[in-house]
Amino acid sequence: MNAMLALIICLFVLLLAVGGKQGTGSFAALMLNSLIIMIAVILMAGGFAPLGVGIVAGMLILACTIFLSSGDNEVAGIAFVASLIVLACLVLVVFTALHLSATAGFGAEDGEDLEGMSTAIGVSFRQLAMAAGLMSTLGAIAEAAIAVAAGMHELDIEADLPGIMRMGREIIGTAINTLFFGFFGGFCGLFIWFAQLHYPLWQVLNNKIFVSEMLDVLFSVLAVILTIPVTIWVARQRAHAVRR
Amino acid sequence: MRTTKSFAPTTLPSWRQPGWRRYLLTVGIAAVILLLVWFGLRHDAGLYSRQVAQVESVRTTAVSKLVDDHDNKDAQVRQQVRARLLNGKHKGQVVHFTNSYTRSQAIDFPLRTHQQVFLSKSQGSYQLSDAKRDSVSGVLLALVLILLFTFTGLHAFQTLAAIALNTGIFMLGINGLLKSHGNWPWYIMGILAVVFTIATALLIIGPRRVGFSIGLATLLSTLLAVGLGYGIMTAFNYRGIHIEEVRYVTQNPRLIFFAQIVIGALGAVLDETSDISVAVFQLPADAKVRFQAGMAIGRKIMGPLIAVLFMIFMADTFAESILWLRNGNTIAYTVSWVMGLGFAQSLISAFGIVLAVPITSGLAALLAGKKVAA
């Protein structure tokens, strides 16, 4: 048996043991998301516009993550609508930033990985960077939207606005922490490279890979910050609609 | 930390108060700050010792079709560029150079008017060295900070302090690595993880019993997850996992692979253990009820947290996967060699996130119990 399969089975057992039915839901979401990502990558490589594929795949991934891993359908509904609104805002920001930043594709430090490959492959790497930037924020958006929607479900939406605001603040704080470590972890090797070769600060701050990575972190943080008020707004709109 | 006590309604936060004047004022101030940051970073060429120039006009001089061995159709575009030097001895001088890029922009990029670039000089003529990218990232950073302060007020300082502290620790860790001449020993990674956890727990929670519970649960879960991942991969002899493909690493890819997992998972696990612990410590019930309450909270948040790290790790593999596919590699081969590592890292991080649920619930139930007894 292959080690990857063993890891997958182990995660399934852990999720089942700790989470029961909710755990299997989370596992199903993870597997479905992997499948969506694989299909998206195949479509992008097959010549479909990467940004378009990314947006559609992003919506599917949000739906999977939110509906399969949160048990409550009402909470999931609010979180899903809110995360779609945030995704739409984010498309504009990501598009503008990556249009100006000249960070698409590979950097000089990627050279070794590109050896023997043709890089003139007729797929827009700028759009690809936009799609990747959008997709990397999805987990954070889903997590924050579910947390706010679930929290508001327990609180009185009308009477307890300060409580809701306090909850929102705390979610932003911990989510930024999660994202910061997540991205630092992902690019540990690059930072060691910079340090080993004594890159001066100005060079790091203008480095293609560093800036593209930093933009991805900022997109995610921006997404989380936007998710809080948007989810509160959606939940309040729904509460008003129900009352009428 | 996500469970909230009900408060009696007091005054509305400032941004919820009715009144367009206040709203417009906030947006106006934000716009002015962003413009100032943009202006500042567009005029910081004097701070660079390298030659900076601003593109004044671009003319496309030639477009040639490219077809590679795998029948990918692309185009090579040549641009004739006129630019003005922004710093150095020849500040203000107009220079000319050419830029050539492929339509797909995998390793190069087109220049546009007003773009700022670094130039290098050889034999009396200037060549494009790289784009100057600080203004885009700087403005986006300013936008994020403004939003952070608008929505979280002074709490933003706490968040930023945690990030600054952890960045400092990270730098020190990398320094430690360099002192060990590239053989990053296991213990540096261990020390780094412990210091990260203690510093963050102290800063977010303070020196309280909850903080201790959070720190211990985080370290235990992460250690167990990495141990489990290491055990499984060793038992299966790393079959199907191409550890040598870890990016930007020349020495000891296995250690960096696990370092990435530990650092990546720490934030998510800390987030989770603090959510559970803070809620459990508030409960007056006995240890068993507290444990069950902790498990219920953990079950709800573990799925989305796994998704956060999963998306971060997987999105990083996109560009390379597509490059591999277009270079005639099969889907199975590409998934296994390029996406596999990100996937394995997500799985092992997920171990930590799942294991943290019972570990934190148990620890918090026990420790909170002692507090009541004392």
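User: How many Å separate the centres of domain 1 and domain 2 of chain B?
Analyst: Bear in mind that this is a predicted model. Chain B is divided into domain 1, covering 49-133, and domain 2, covering 154-373. Taken over C-alpha atoms, the centres of domain 1 of chain B and domain 2 of chain B are separated by 42 Å.

User: What radius of gyration does chain B have, set against that of a compact globule of 374 residues?
Analyst: The C-alpha trace of chain B spans about 80 × 65 × 40 Å along its principal axes. A compact globule of 374 residues would come out near 21 Å. Chain B, though, has a radius of gyration of 26 Å.

User: And chain A, what is the radius of gyration there?
Analyst: Chain A has nine helices and zero strands. For its 244 residues the globule rule gives 18 Å, and the value for chain A is close to that, so chain A is as compact as a globular protein of that length. Its C-alpha trace spans about 60 × 45 × 35 Å along the principal axes. The radius of gyration of chain A is 20 Å.

User: Back to chain B: in what order do the five strands sit in the open sheet?
Analyst: Chain B has nine helices and five strands. From the N terminus on, the elements run α-β-β-β-β-β-α-α-α-α-α-α-α-α. The five strands pair in the antiparallel sense, and their order in the open sheet is E3-E2-E1-E4-E5.

User: Which strands of chain B stand at the edges of that sheet?
Analyst: The order in the sheet is E3-E2-E1-E4-E5. An edge strand here has a single partner strand, so one side of it is left without a neighbour in the sheet. In chain B that goes for strand E3 (94-102) and strand E5 (125-131).

User: Over how many bridges do strand E1 and strand E2 of chain B pair?
Analyst: Strand E1 takes residues 51-67 of chain B and strand E2 takes residues 73-85. B:Val67 stands opposite B:Lys73 in E2(B). The two strands pair in the antiparallel sense, over 13 bridges.

User: Now the contact between the chains: which helix gives the most to the side of chain A that touches chain B?
Analyst: The contact takes 109 residues from chain A and 113 residues from chain B. Several helices of chain A each supply at least two residues to that side, including H1 (3-45), H5 (125-154) and H9 (208-243). The top contributor, with 25 residues, is H1(A).

User: How many residues on that side of chain A are nonpolar?
Analyst: The side of chain A that touches chain B also has 32 polar residues and eight charged ones. The nonpolar count is 69.

User: Is A:Val123 buried or exposed?
Analyst: A:Val123 sits in the loop between helix H4 (111-114) and H5 of chain A. The cut-off for being buried is 20 or more other C-beta atoms within 10 Å. A:Val123 has 25 of them within 10 Å, so the call is buried.

User: Which residues of chain B does A:Val123 touch?
Analyst: Leaving out residues up to four places away in sequence, A:Val123 touches A:Met44, A:Ala45, A:Pro50 and A:Leu128 within chain A. The C-alpha atoms of A:Val123 and A:Gly46 are separated by 9.0 Å, with their places 77 residues apart along the chain. On the chain B side, the residues touched are B:Ser104, B:Ile322 and B:Arg326.

Technical notes:
Residues are numbered from 1 along each chain as its sequence is written. Chains are lettered from A and ligands numbered from 1 in the order in which they are written. This is a predicted model: local features need pLDDT of at least 70, side-chain atom pairs count only at pLDDT 80 or more; totals for chains, interfaces and linings use all residues. Two residues are in contact if their C-beta atoms, placed from the backbone, lie within 7 Å. Helices (H or I, at least four residues) and strands (E, at least two) are DSSP runs, numbered from the N terminus. Ala, Val, Leu, Ile, Met, Phe, Trp, Tyr, Cys and Pro count as nonpolar, Asp, Glu, Lys and Arg as charged, and the others, Gly among them, as polar. The radius of gyration is taken over C-alpha atoms; the globule rule is 2.2 Å times the number of residues to the power 0.38. Domain bounds come from an automatic or database domain assignment. Two strands pair if DSSP finds at least two bridges between them. A residue is buried if 20 or more other C-beta atoms lie within 10 Å of its own, exposed if 12 or fewer, and partly exposed in between; C-beta atoms are placed from the backbone.
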